[in-house]
Amino acid sequence: PSANVGVVGLAVMGANLARNLASREGNRVAVFNRSPERTRALVEAHPEAGFVPAEDVAEFAASLSRPRTAIIMVQAGQATDAVIQDLASVFEPGDIIIDGGNAQYTDTIRREHDMRQRGLHFVGAGISGGEEGALNGPSIMPGGSAESYETVGPIFESIAARAEDGEPCVTHVGTDGAGHFVKMVHNGIEYADMQLIAESYDLLRRVADLSPEEIADVFAKWNEGELESYLIEITAEVLRHVDERTGRPFVDIVLDQAGQKGTGNWTVQAALGLGTPISGIAEAVFARGLSSHPEQRLAGARLEGPSAKIDLEDRDAFVEDVRQALYASKIVAYSQGFDVIRAAARQYGWKIDSGAVAKIWRAGCIIRARFLGRISEAYGADADLVSLITAPFFADATGRAQASWRRVVATAATSGVPAPGFASSLAYYDGLRASRLPAALIQAQRDFFGAHTYRRVDGPGVFHTEWSGDRSETRMGD
Ligand code: NBP
């Protein structure tokens, strides 16, 4: 056996990851793919990589030194299960199977359990950064046993993206499904981030009457400040791009229906199950949904509303308000994202270091952003932080932004431009702030129609009022 790590599944992601691995000192990479043509093509195209190719799974196993370590990069779902079973049939106790695909974390929990029964280590590793990241350095979110991380950690560190301070963007997230859960939430936050940027663009275009090119300049400028991030950067590039065929702004010739592959949806479903409000992410998923129902939108075009154009007294001030609204709403989205990670950690017994997660998102992944360093610091200062927004740095930032944020949400409403991300994030912020919520009324209604009982503000106990009788109160318990 001559290879220290192997890759199974050599489509674009697997091939790039294998090349990345092979380019790092100390790695010798075995490669295997169901259709052997793909393996041959990769080996032929990249003689410099020194790949050790295998035509079947037995040959692949024989080419790996022990403990065998193989990264699966095949289609999520059944294909992944099939490959895991194939590997498990030729691997021996102590060997490590890594799934680098976009698996559902519940599948990862099941697979880890199955493999553990067979004496094998199973690592569900979220890998972010797309094709480019796989080749040049992704952000990696592995979940699995601490023992397997001793072998897997150095391999991942060798290929991961590096943050500005040189730290590799990988950390042992937790056991079994923890890595894939965190990767899923990463994608959910990505949905929210993109939605907020899109709302900013829409308001600047339709309310402030700026051209795509002018808005590109605005985003490029924003990218020099606290909003500095990959997504803001590419937004400026997209907005500046002109369609070759028509000479029109590219953004105007793209059909306005945003697709989705499911990770945003999964994040919201998981949050619903865990009872964690991640309204910013949910609005982003729903907004893509709304965009993709042309028949409803065609019918809806008849509905009345104001014209988006309003007389702005000070356009620059409005642009700055939008920037502040974007920043504050983004803080809410990340805060909610970390809430759902922490709720899942409690549910599944994962010991997840939120600060370490924020750190590994600083480079290599789609949501890489300057302010992740601040998130990491906030959790570093207080590992039990109950809500990221309440950390001094973020409480201060949202506090400074809130007046702008309110003006933007109000302007969006009066001008008829939808801003569900901004509006719902602000409502969440005000919900957190409220000293008293109308939940009291809801609980009273629940007691009225369903005898669901209530607690009182003035002492212990659980009570029920005889709503259909004499309205006397009975103490039902403690
Ligand atoms: P695909 O998701 O398109 O899968 C193609 C690979 O799966 C090929 O190697 C194919 O083998 C193999 N495969 C299939 Br399909 N069914 C199989 C089976 N039953 N047994 C064995 N192999 C099977 O590849 P990809 O786009 O490179 O993505 C790989 C993984 O990475 C996926 O889980 C995807 O969700 C994830 N991904 C992540 C990112 C990111 O940004 N992190 C981006 C893109 C993809 P064949 O050659 O024999 O058909």
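**Exercise 1. The ligand and its surroundings**

Find out which backbone atoms make polar contacts with the ligand, beginning with Gly130.

*Step 1.* Start at Gly130: one of its polar backbone atoms is 2.9 Å from an oxygen atom of the ligand. That fits the cut-off for a polar contact, a pair of N or O atoms within 3.5 Å (within protein, one must be able to donate a hydrogen and the other to accept it, and residues adjacent in sequence count only if both atoms are side-chain atoms).

*Step 2.* Now look at Ile127, where a polar backbone atom lies 2.5 Å from a nitrogen atom of the ligand. Val74 joins in too, with a backbone N or O atom 3.0 Å from a ligand oxygen.

*Step 3.* How much of the ligand does the protein bury? On its own the ligand exposes 910 Å², and the protein buries 76% of that. Areas like this come from the Shrake-Rupley method with a 1.4 Å probe; for residues, only the protein chains shown count as cover.

*Step 4.* Before going on, keep in mind that this is a predicted model: local features need pLDDT of at least 70, side-chain atom pairs count only at pLDDT 80 or more, and totals for chains, interfaces and linings use all residues. Residues are numbered from 1 along each chain as its sequence is written, and side-chain values use heavy atoms, with hydrogens and water left out.

**Exercise 2. A salt bridge between distant parts**

Work out where Arg68 and Glu92 sit and how they are linked.

*Step 1.* Here's the general idea: side chains of opposite charge can pair when their charged atoms come close. For a salt bridge, a side-chain nitrogen of Lys or Arg must be within 4 Å of a carboxyl oxygen of Asp or Glu.

*Step 2.* Arg68 and Glu92 pass that test, with N to O at 2.9 Å. The pair links distant parts of the chain, 24 residues apart: Arg68 is in the loop between helix H3 and strand S4, and Glu92 is in the loop between helix H4 and strand S5. Helices (H or I, at least four residues) and strands (E, at least two) are DSSP runs, numbered from the N terminus.

*Step 3.* Are the two partners buried or partly exposed? Arg68 is buried at 10% relative accessible area, while Glu92 is partly exposed at 35%. Buried means under 20%, exposed over 50%, and partly exposed in between (1.4 Å probe, protein chains only).

**Exercise 3. Two more pairs**

Describe the salt bridges Asp99–Arg111 and Arg374–Glu377.

*Step 1.* Asp99 and Arg111 meet at 3.7 Å, N to O. Asp99 lies in strand S5 and Arg111 in helix H5, so the pair ties together parts twelve residues apart in sequence.

*Step 2.* Check the accessibility: Asp99 is buried at 0%, and Arg111 is buried at 2%. Both belong to a salt-bridge network that also includes Asp81, Asp107 and Arg110.

*Step 3.* For Arg374 and Glu377, the closest N and O atoms are 3.5 Å apart. These residues are three apart in helix H17, which means about one helical turn separates them. Arg374 is partly exposed at 38%, and so is Glu377 at 49%.

*Step 4.* How many salt bridges does the whole structure hold? A full search finds 28.

**Exercise 4. A buried threonine**

Place Thr69 and find a contact of its side chain.

*Step 1.* Thr69 is part of strand S4 and, at 1% relative accessibility, is buried.

*Step 2.* Its side chain reaches the backbone oxygen of Pro67 at 3.2 Å.
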